[in-house]
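Please look over the structure below before reading on. The briefing takes a sheet, two helix contacts and a salt bridge in turn.

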Amino acid sequence: MTMNADSSRFDLVIRGAKVVSERVLGEHDVAVQDGKIAEIAGRIDADARQVIDAHGLHVLPGVIDVHVHFNDPGRAHWEGWTTGSAAAAVGGTTTVAEMPLNASPPTLDGASFDAKVTAASGASFVDFALWGGLTPVNLGDMAELAARGVIGFKAFMCNSGIEDFLAADDATLREGMLRAAELGLPVAVHAEDEAITSRLTTEARAAGERSIRAYLASRPPEAELTAIARAIELAAETGCELYVVHISTPEGVGLVRDAASRGIAVRAETCPHYLLFADDDLVLHGAALKCSPPLRPLPTQEALGEMVRGGLVDVLASDHSPSPPEMKAHEGFFAIWGGIAGCQSLLPASLSAIEGASGEADVSLAAELLAHNPARLLQQPGKGRIRIGMDADLVLVDLREEFTVAQDDLRYRHSISPYVGFPLRGRPVQTFLRGVTIARAGNVVGRPQGRLITPARGSGIAD
């Protein structure tokens, strides 16, 4: 229920929601003024221009999805800023960090950064940050990217699948890490060993293998673990902050945790699809679940989930990487695009994945993995928590509701997602960006108002 007042102290008051930040508070009111959280109290009696009765709901910090591919400019027919950000907003996300490789041109220098900002401005419903690339051809452009405002640099330790975004060999990665350390920015790595994956892929194709099982065998856990160990070694040598994306194995998380215990600034990301789906699901459902690293056997999936629930993973992100339908349709599985569309389902999928034995999600842990820690990674001290003075980026969630994702619910350019038909718990009800509703009941509201965000230096993961 919404009420209006002509004379008001606040722009918005959300009444009676259970507030989730470092812990779950009881029912509280949250007041917003000029885009910031102005007051949090058991009862706020002051008038507001808008009052929302949120009894029975939880209010969480808006999700910060640090790993999306919106592909625009150049490949907006895969996904664009308008459709991708609409899906994110409907799912409870208020900020995204877009990866550098799938746009054309990739984000490798100042001009390509500017082109991406132009594409996103006036089109994105959510705030956006940009990763820059770290490749053999743009080491000399990293300072220019940092000056523009990238939040870090992304490197592939194997073939990226994009011709103009080259893999970083050891020498490139070492030099890039040295430069990133000087610039005070992290390096994110796709950690799969190129020697292992290319050899196994070549052998499989030479033998005429085309199956899903052959693809799975071509990207074994060994490839991930070898690459993570090498990236950690280089990070220790260079003093660079390291962020290992989409880890698919508990052993990979273990390598990160061991390195962090030795004082190395390294953090671990995984994705809900590694926690909710296993390799047998890929065999059963096919292309919508193809990703790299691939889904793992059920015991591996369960062990990774236990590490997440135990607080050993730093960030959950969607790795939203869609493509046109024709790229997901090929008789040979090696030729199918490897990417999962999931940014709209990140929040409920994460809540579902971290349910304990009681069947209830740890919403404080969800806020840590989806908002607190991502805000630190992006060096955004004004986002990621529900505190007075912070940006009023919020999402109301009905944790009681179990629902099944329908294809018509998806706001992507192409409604291909493994979450279609999948049961989830915790439906996002309403999403606010700086106190303004941007999504309600499965639809975006108003015009796109997302802004470019850049790092506030000194508030990153090493602090």
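The points below are grouped by topic.

This is a predicted model. Its open sheet has 3 strands. Two helix pairs follow: helix 12 with helix 13, and helix 8 with helix 11. The last topic is salt bridges, of which the whole structure holds 28.

**The sheet**

- Strands 7, 8 and 9 form an open sheet in the order 7-8-9, with parallel pairing.
- Strand 7 (63-68) and strand 9 (127-130) are the edge strands. Each has a single partner strand, so one side of each lacks a neighbour in the sheet.
- On average, neighbouring strands of this sheet are turned by 20 degrees against each other, direction ignored.
- Strand 7 pairs with strand 8 (residues 93-98) over 4 bridges, in the parallel sense.
- Aspartate 65 has valine 96 of strand 8 as its bridge partner.

**Helix 12 against helix 13**

- Helix 12 spans residues 346-353 and helix 13 spans residues 363-377. They pack at an angle of about 130 degrees, and their axes lie 10 Å apart.
- Helix 12 is therefore oblique to helix 13, since the angle falls in neither the parallel, the antiparallel nor the perpendicular range.
- The crossing of helix 12 and helix 13 is right-handed.
- Helix 12 contributes Leu346, Leu347, Ser350 and Leu351 to the contact. Helix 13 contributes Val363, Ala366 and Leu370.
- By class, this contact of helix 12 with helix 13 has 6 nonpolar residues, 1 polar residue and no charged ones.

**Helix 8 against helix 11**

- Helix 8 covers residues 250-261, and helix 11 covers residues 298-309.
- The axes of helix 8 and helix 11 come within 8 Å and cross at roughly 35 degrees.
- On the helix 8 side, the contact is made by Pro250, Val253 and Gly254. On the helix 11 side, Thr300, Ala303, Leu304 and Met307 take part.
- The contact of helix 8 with helix 11 divides into 5 nonpolar and 2 polar residues, with no charged ones.

**Salt bridges**

- Side chains of opposite charge can pair when their charged atoms come close.
- A search of the whole structure finds 28 salt bridges.
- One salt bridge joins the side chains of lysine 383 and aspartate 127, at 2.9 Å from N to O.
- This pair links distant parts of the chain, 256 residues apart. Lysine 383 sits in the loop between helix 13 and strand 16 (394-404). Aspartate 127 belongs to strand 9, which is an edge strand of the sheet.

Terms used: Residues numbered from 1 in each chain as written. Predicted model: local features only at pLDDT ≥ 70, side-chain atom pairs only at ≥ 80, totals over all residues. Heavy atoms only, no water. Pairing = 2+ DSSP bridges. Axes fitted to C-alpha atoms, helices over the stretch in contact; angles between N-to-C directions. Parallel < 35°, antiparallel > 145°, perpendicular 65-115°, else oblique. Left-handed = near helix turned anticlockwise from the far one by under 90°. Contact = heavy atoms within 4.5 Å. Nonpolar A, V, L, I, M, F, W, Y, C, P; charged D, E, K, R; others polar. Salt bridge = Lys/Arg side-chain N within 4 Å of Asp/Glu carboxyl O.
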